[in-house]
Amino acid sequence: METTRALTMRKTFIAAATAAAMLFTTGAAAQSVDAAFPTSLVDALQEMGYRAKLETDSAGDPKIRSTADGSNYIIYFYGCQDNINCTGVNFSVGFDLAAGSTFEKMNEWNRTKLVGTAFLDNEGDPRLNYFVVLRNGISRNTFERVVARWEFALNEYKAHVGF
């Protein structure tokens, strides 16, 4: 049978372990970037030094306006249920070129690059999309790598299309 002192020590240990687990879980959740919580993306982008403005698109889903290397882009949210609880995002940028671009240029990008899908809009101007699944969140560190890859691809794409 446990003594009173041993029982008290065990209760103290369990309470401390529970508190530590709650602190760890809360800290991890605070560092998560999740499409279900658009402000988590805004906060992460702003903490990384980017401009990020939360808005809504024509369907009422969230979208974020941001800028990288002087180029404005939009992050669209997908998989939303009633304009909330989204599951993924799509980084999207387009460039208005006087002569537009070609399917050959878009196909070359899509054949040779991993990040981003290139296509032409209805005016023949080049666009680049980068879809990322954020269902149930990803770590802040992983999100920073996603954004870094997006910015790198965006810069390469500008050169590729001659912007």
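Which residue forms a salt bridge with Lys113, and how far apart are the closest N and O atoms? I opened my notebook with that one, and I looked it up in a predicted model. The partner is Glu156, and the closest N and O atoms are 3.5 Å apart. I then checked where the two sit: Lys113 is in the loop between helix 3 (103–112) and strand 6, while Glu156 is in helix 4, so I noted that the pair links distant parts of the chain, 43 residues apart. Lys113 counts as partly exposed because its relative accessibility is 30%. Glu156, at 28%, counts as partly exposed too.

**Entry: the whole chain**

I stepped back to get my bearings. I found four helices and eight strands in the chain. Reading from the N terminus, I wrote the order down as α-β-α-β-β-β-β-α-β-β-β-α. The chain has 163 residues, and 39% of them count as buried.

**Entry: helix 4**

Helix 4 held one end of my opening pair, so I went there next. I noted that helix 4 covers residues 140–161, which makes 22 residues. From first C-alpha to last, helix 4 reaches 31 Å, close to the 32 Å expected at 1.5 Å a residue.

Which residues of helix 4 are buried? My list reads Arg140, Phe143, Val146, Val147, Trp150, Ala153, Leu154, Tyr157, Lys158, His160 and Val161. Looking down the axis of helix 4, I saw that these buried residues fall within an arc of 155 degrees, so they line one face of the helix. A reminder I jotted in the margin: an α-helix has 3.6 residues a turn, so residues three or four places apart point the same way. On the other side of helix 4, I found Arg149, Phe152 and Ala159 exposed. Just past the end of helix 4 comes Gly162, with a positive phi of about 75 degrees.

**Entry: strands 2, 3 and 4**

I moved on to strand 3, residues 62–68. Strand 3 is mostly covered, with five of its seven residues buried. On one side I looked at its pairing with strand 2 (residues 52–56), which is antiparallel and runs over five bridges. Leu54 stands opposite Ile64 there. The hairpin of these two strands has five residues between them, and Gly60 takes a positive phi near 90 degrees.

Then I followed strand 3 to strand 4: six bridges join this antiparallel pair. Ala68 faces Ser71 of strand 4. How many residues lie between strand 3 and strand 4 in their hairpin? I counted two, and Asp69 in the turn has a positive phi of about 50 degrees. I underlined Asp69 because it is not a glycine, and it counts as partly exposed at 48% relative accessibility.

Asn85 earned a similar note: its phi is positive, near 55 degrees, and Asn85 is a residue other than glycine. I located Asn85 in the loop between strand 4 and strand 5 (88–94). With 43% relative accessibility, Asn85 counts as partly exposed.

**Entry: more salt bridges**

I went back to charged pairs, and the total for the model came to five salt bridges. In my margin: side chains of opposite charge can pair when their charged atoms come close. Lys53 forms a salt bridge with Glu55, with 3.7 Å between the closest N and O atoms. Arg65 also meets Glu55 in a salt bridge, at 2.8 Å from N to O. That second pair links Arg65 in strand 3 with Glu55 in strand 2, 10 residues apart. I put the three together as a network of salt bridges made up of Lys53, Glu55 and Arg65. Lys53 is partly exposed at 48% relative accessibility, and Arg65 is partly exposed at 32%.

**Entry: strands 6 and 7**

Which residues make up the covered face of strand 6 (residues 117–120)? I wrote down Ala118 and Leu120, with Thr117 and Phe119 on the uncovered face. Strand 6 runs antiparallel to strand 7 (residues 126–133), and four bridges join them. I saw Leu120 standing opposite Pro126. Their hairpin has five residues between the strands, and Gly124 in the turn shows a positive phi of about 85 degrees.

**Entry: a patch on the surface**

My last stop was a nonpolar patch on the surface, formed by Tyr78, Phe131 and Val133. Together they have about 310 Å² of accessible area. Tyr78 belongs to strand 4 (residues 71–78), and at 41% relative accessibility Tyr78 counts as partly exposed.

Note on methods: Residues numbered from 1 in each chain as written. Predicted model: local features only at pLDDT ≥ 70, side-chain atom pairs only at ≥ 80, totals over all residues. Heavy atoms only, no water. Patch = residues over 30% accessible without salt bridge, like charges linked within 9 Å, V, L, I, M, F, W, Y side chains within 5 Å. Areas by Shrake-Rupley, 256 points an atom, 1.4 Å probe, with all protein chains shown as cover. Salt bridge = Lys/Arg side-chain N within 4 Å of Asp/Glu carboxyl O. Buried < 20%, exposed > 50% of the residue type's maximum accessible area, 1.4 Å probe, protein only. Expected span 1.5 Å × (residues − 1). Arc of directions from axis to C-beta. Pairing = 2+ DSSP bridges.
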